[in-house]
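Student: Hi, I'd like to talk through a structure with you. Could you start with the terms and then move on to the details?

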Amino acid sequence: TSDGQFNELIHGSADWVYEEEFSITKAFSWSADSKRLAYISFDERAVKEYNLQLWSSGDIYPYDYRFKYPKAGEQNSTVSITIHNLTDAKNTPVDIGKESDIYIPRINWTQDPEVLSVIRMNRLQNQLEILHVSASTGKSTLIFTDKTDTYIDIDNADDLTYLGDNKHFVISSEKSGYKHLYLYTIDGTLVRQITSGDFPVTEFIGVKEDARRIDRSKVYYISADPSPLDKAVFQIDIAGKNKVALSPARGTSSVDMSIDFQYFVLNYDNATTPLQVSLHQLKNNKPVRLKELESNEKLASKIKEYEVSGKEFYTYKSADGQDLNAYMLKPSDFDSHRKYPVLIFQYSGPGSQNVANTWGGGVNYHWHQMLTQEGYIVVVQDTRGTGYRGADFEKVTYKQLGKYETEDHIAGAKHLATLPYIDAKRIGIWGWSYGGYISSLALFKGADYFKMGIAVAPVSTWRFYDTIYTERYLQRPQDNASGYDDNSPLTHASKLKGDFLLVHGTGDDNVHFQNSIALQDELILHGKQFQSFYYPNRTHGIGDYNARVHLYTMMTEFVLNNL
């Protein structure tokens, strides 16, 4: 290619919104024989620009960085696919259909170097299709369609695996109500459902193929089985029989499988056990070494020294009576006769999970531990809409993000208020990004239950956010205006009663600073006092040049002063 140009035309690499929401940067794929290169092109010329103003202490004037960012309901890049033949330098355009307002989130070659596999999704992302493309002509054939009334997660496309016999492929779907694996013939005919049950497959690891008989092949995967809090590794026949666990049932496991499926490295932890790493022979699941590769004995000893609080799991009732998962961190000198203030942490986004049977880790977890040493109880809550409990549970928030999550956090606060050791007048909530969106809503709509809240880099209206993520859950603003506005923090800012800290990085290219500017303006219009802080030029993670330490120090002081 020779005509690529910034903010106009991209070949073989993703535009901003594909990179962020489809997790793709490499928009090209080599055929198995390395004779052809298929690549996606993004024509961004019709996409509107967002302007980030950046400041430098050495410059008199700020610098404007403009990049293409399609906000909900606006124009996306127009995508196309080309196959380049290295033998004769011929470029063959691929037929991806007449509709241009679509997504092509994945391209990969089948085992046949003459056949390219293309994933196509409609704008609302409730239909996923597989096209098989002739490398010589560019002609495409539709061989598979998965459709739903809500949305399809892009992870399903990542599970697409073509078997070595070039006669079958495996893909996942939630059509049973839970994400499971299915075997199809190469022409798209369903052979069978491989996994089944009231649990989702959380990761498809791969297939150990039997070259002589496909029905003797073994499938490896991770699933939230036996509970949504746990993730275990399993082996099952491709016929869907003889399921065998390769890791402990309780806790969180992942594996690094050797390419020949002879060995695997097992990573395991649970709420009381730091990461354990061991090497296993797949045959009979025998450890290769008696001693783990890593047991983290020093860490286990150190956490005792630091009096790290253990996770106490419990359930509370949602607004409609369902059991929701949570855990509590208490001070090491906890006294059931005292009254403690509580800080709730949450993210709450679709398909996410904060409450799991896994080791703590991470900055937030250790900050929460420090707060317990200052006399606070820290609670982590998951709501309806979060992950690993099936499609109905996760997708209840479709077309109305924020509604049920906020109701459930208010219900969680009400539950805490009934406990004899909780000070019902001192319950706070905080979150970052989607979590900041929900902490803002909870503080506004639940003003009688939350004394304070912290929102870091929050969305204040989904009208400001990108097409792929937002429309997946809300459709377009043109289709569902009430879904955008009914549960926007801007709509409920007038209800603020408690103490509110609003934080944002001015260089946030993801959740734009515009969100906090609009929210501040709305709070001011209603005469609401609050605290705010901006981090110059910092991105969504507010993580560089001492900003992260500065942020957590500031949040600590805000909690100590207001809770």
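Tutor: Happy to. Buried means under 20% relative accessible area, exposed means over 50%, and partly exposed is what lies in between, with a 1.4 Å probe and protein chains only. This is a predicted model, in which local features need pLDDT of at least 70, side-chain atom pairs count only at pLDDT 80 or more, and totals for chains, interfaces and linings use all residues. Residues are numbered from 1 along each chain as its sequence is written, and side-chain values use heavy atoms, with hydrogens and water left out.

Student: Good. Is E203 buried, exposed or partly exposed?

Tutor: E203 counts as partly exposed, because its relative accessibility is 38%. Its place is in strand β16. Helices (H or I, at least four residues) and strands (E, at least two) are DSSP runs, numbered from the N terminus.

Student: And what is E203 in contact with, leaving aside neighbours within four places in sequence?

Tutor: Y221 and I222, where contact means heavy atoms within 4.5 Å. The C-alpha atoms of E203 and I222 are separated by 5.0 Å, and the two residues are 19 apart along the chain.

Student: Which sheet order does β16 belong to?

Tutor: The order is β16-β17-β18-β19, an open sheet of four strands with antiparallel pairing. β16 (201-208) and β19 (244-245) stand at the edges with a single partner strand each, so one side of each is left without a neighbour in the sheet. Two strands pair if DSSP finds at least two bridges between them.

Student: How many bridges join β18 to β19?

Tutor: Two, and the strands run antiparallel, with β18 covering residues 232-237. Q235 has V244 in β19 as its bridge partner.

Student: What about the hairpin, which strands form it?

Tutor: β24 and β25, with five residues between them. G321 in the turn has a positive phi of about 95 degrees. Six bridges join β24 (residues 312-317) to β25 (residues 323-329), again antiparallel. One bridge partner to look for is N325 in β25, which pairs with T315.

Student: Changing topic: how many helices and strands does the chain have?

Tutor: The secondary structure comes to 12 helices and 31 strands. Buried residues make up 54% of the 563 residues. Of the contacts with a separation of 6 or more, 58% are between residues 24 or more positions apart.

Student: What is the radius of gyration?

Tutor: The protein chain has 25 Å, which agrees with the value near 24 Å for a compact globule of 563 residues. That radius is taken over C-alpha atoms, and the globule rule is 2.2 Å times the number of residues to the power 0.38. Along the principal axes, the C-alpha atoms fill a box of roughly 75 × 60 × 50 Å.

Student: Now pockets. What volume does the largest pocket have?

Tutor: About 750 Å³. Of the 39 residues that line it, D153, D155, P350, G351 and Y473 are the closest to its centre. On a 1 Å grid over the protein atoms alone, a cavity is a set of points where a 1.4 Å probe fits but cannot get out, while a pocket is an open set with protein on both sides within 12 Å along at least five of seven lines; lining residues have an atom within 4 Å of a point. Grid points are joined across faces, edges and corners, and a volume is the space filled by probe spheres set on the points.

Student: Which elements supply at least two lining residues each?

Tutor: α1 (16-22), α2 (155-158), β16, α5 (391-394) and α8 (467-474).

Student: And the second largest pocket, how much space lies there?

Tutor: About 320 Å³. Its lining has 21 residues, and Y327, Q353, N354, T358 and G360 are the closest to its centre. Helix α4 (residues 362-373) gives the most to that lining, with five residues.

Student: Who else is in α4? Is H368 buried or exposed?

Tutor: H368 lies in α4 and is buried, with a relative accessible area of 2%. Leaving aside neighbours within four places in sequence, H368 is in contact with L329, F345, V378 and W430. M370 is also found in α4, and M370 is partly exposed at 26%.

Student: Last one: how many cavities of 30 Å³ or more does a search find?

Tutor: One, with about 50 Å³ of space. Its lining residues include L324, N325, Q353 and D382.
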